[in-house]
Amino acid sequence: FVSTSRDASRLVYFALPPQGPPIFRLHDATKLETQSLGAAGSASSMVCISPNGDWVAYTSGSPGDLRKIPVSGGTSLTLVRDSATAAWAQWATDGWIYFTLISGALARVPENGGDIEILARPDTASGVRQIIIPDILPGSRAAIVTLFQPAKGGSEIAALEFSSGKIH
């Protein structure tokens, strides 16, 4: 996966070098060479970059931790322990990181850590296993999401209202 900053000046991606552990790479538009953000260890290939371009969020392990690391280098911080999937995440301009829980529910956590807020749970009776790939709409009151439905042979795109949890 690849993630770009809002102004497209930074691009972060998960790289699998021919030898050694997986690493995160950062491409800064003002520099010729990419730089390593360090070994990704047990990180998944999911990455998302903060709106200001200074942080990268990713999942690690299974069940997964949602973590963040500064692009300037340093130690990663755990935001959510043992409950995030590697499906997708979005770091929105409202100060929240939106992601999918192991249960398949769509949730969010403040960008500096704190309590998880569940926004919607999958309707397993209708075959929806996970609510994934959130795209937060302007105003942060709703998102376009993907409803993963393996028994139906695919997925559907839907709109999710945060205040009611209703999926359309």
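**Exercise 1. Is Arg108 buried or exposed, judging by its relative accessible area?**

Let's start with the number. Arg108 has a relative accessible area of 12%. Buried means under 20%, so Arg108 goes down as buried. Keep in mind as you work that this is a predicted model.

**Exercise 2. Find the salt-bridge partner of Arg108 and say how well covered that partner is.**

Step one: look for a carboxyl oxygen within 4 Å of a side-chain nitrogen of the arginine. Glu117 fits the bill, with the closest N and O atoms 3.2 Å apart.

Step two: check the cover on Glu117. Its relative accessibility is 31%, and that value counts as partly exposed. In this pair, then, a buried Arg108 meets a partly exposed Glu117.

As background, side chains of opposite charge can pair when their charged atoms come close.

**Exercise 3. Work out how many salt bridges the model has, and describe the one made by Asp65.**

Step one: the count comes to two salt bridges.

Step two: Asp65 pairs with Arg81, and their closest N and O atoms are 3.3 Å apart.

Step three: place both residues. Asp65 sits in strand β7 (residues 64-70) and Arg81 in strand β8 (residues 77-91), so this salt bridge ties together parts that are 16 residues apart in sequence.

Step four: compare the cover. Asp65 is buried at 10% relative accessible area, while Arg81 is exposed at 55%.

**Exercise 4. Describe the largest pocket: its volume, its lining and the strands that build it.**

Step one: the volume is about 280 Å³.

Step two: 17 residues line this pocket, and the closest to its centre are Ser3, Thr4, Cys48, Trp88 and Gln90.

Step three: ask which elements give two or more residues to the lining. These are β1 (2-4), β5 (43-49), β8 and β12 (130-136). The largest share comes from β8, with four residues.

Step four: sort the lining by class. You get ten nonpolar, five polar and two charged residues.

**Exercise 5. Name the residues of the nonpolar surface patch, then take a closer look at Ile157.**

Step one: Leu137, Ile144 and Ile157 make a nonpolar surface patch of about 250 Å².

Step two: zoom in on Ile157, which you'll find in strand β14 (residues 154-161). Its relative accessible area is 64%. Exposed means over 50%, so Ile157 counts as exposed.

**Exercise 6. Which residues other than glycine have a positive phi here, among them Ile133 and which serine?**

Step one: recall the usual picture. Most residues other than glycine have a negative phi.

Step two: take Ile133. Its phi is near 50°, a positive value. Ile133 belongs to strand β12 and is partly exposed, at 38% relative accessibility.

Step three: take Ser140. This residue is not a glycine either, yet its phi is positive, about 55°. Ser140 is in the loop between β12 and β13 (142-149), and at 18% relative accessibility it counts as buried.

**Exercise 7. Set distance along the chain beside distance in space, using Ile132 and its C-alpha separations from Leu101 and Leu26.**

Step one: try Leu101. Leu101 and Ile132 are 31 residues apart in sequence, and their C-alpha atoms are 9.2 Å apart in space. Leu101 is part of strand β9 (residues 96-101) and is buried, with a relative accessible area of 8%.

Step two: try Leu26. Here the chain separation from Ile132 is 106 residues, and the C-alpha atoms are 25 Å apart. Leu26 lies in strand β3 (residues 23-28) and is buried too, at 3% relative accessible area.

**Exercise 8. Where is Gly165, and how far is its C-alpha atom from that of Ala120?**

Step one: go past β14, and you'll come to Gly165 in the segment that follows that strand.

Step two: the C-alpha atoms of Gly165 and Ala120 are 5.2 Å apart, although the two residues are separated by 45 residues along the chain.

Step three: finish with the cover. Gly165 has a relative accessibility of 26%, and that makes it partly exposed.

Key: Residues are numbered from 1 along each chain as its sequence is written. This is a predicted model: local features need pLDDT of at least 70, side-chain atom pairs count only at pLDDT 80 or more; totals for chains, interfaces and linings use all residues. Side-chain values use heavy atoms; hydrogens and water are left out. Buried means under 20% relative accessible area, exposed over 50%, partly exposed in between (1.4 Å probe, protein chains only). On a 1 Å grid over the protein atoms alone, a cavity is a set of points where a 1.4 Å probe fits but cannot get out, and a pocket is an open set with protein on both sides within 12 Å along at least five of seven lines; lining residues have an atom within 4 Å of a point. Grid points are joined across faces, edges and corners, and a volume is the space filled by probe spheres set on the points. Ala, Val, Leu, Ile, Met, Phe, Trp, Tyr, Cys and Pro count as nonpolar, Asp, Glu, Lys and Arg as charged, and the others, Gly among them, as polar. Patches are made of residues with over 30% relative accessible area and no salt bridge: like charges are joined within 9 Å, nonpolar side chains (Val, Leu, Ile, Met, Phe, Trp, Tyr) within 5 Å. Accessible areas come from the Shrake-Rupley method with a 1.4 Å probe; for residues, only the protein chains shown count as cover.
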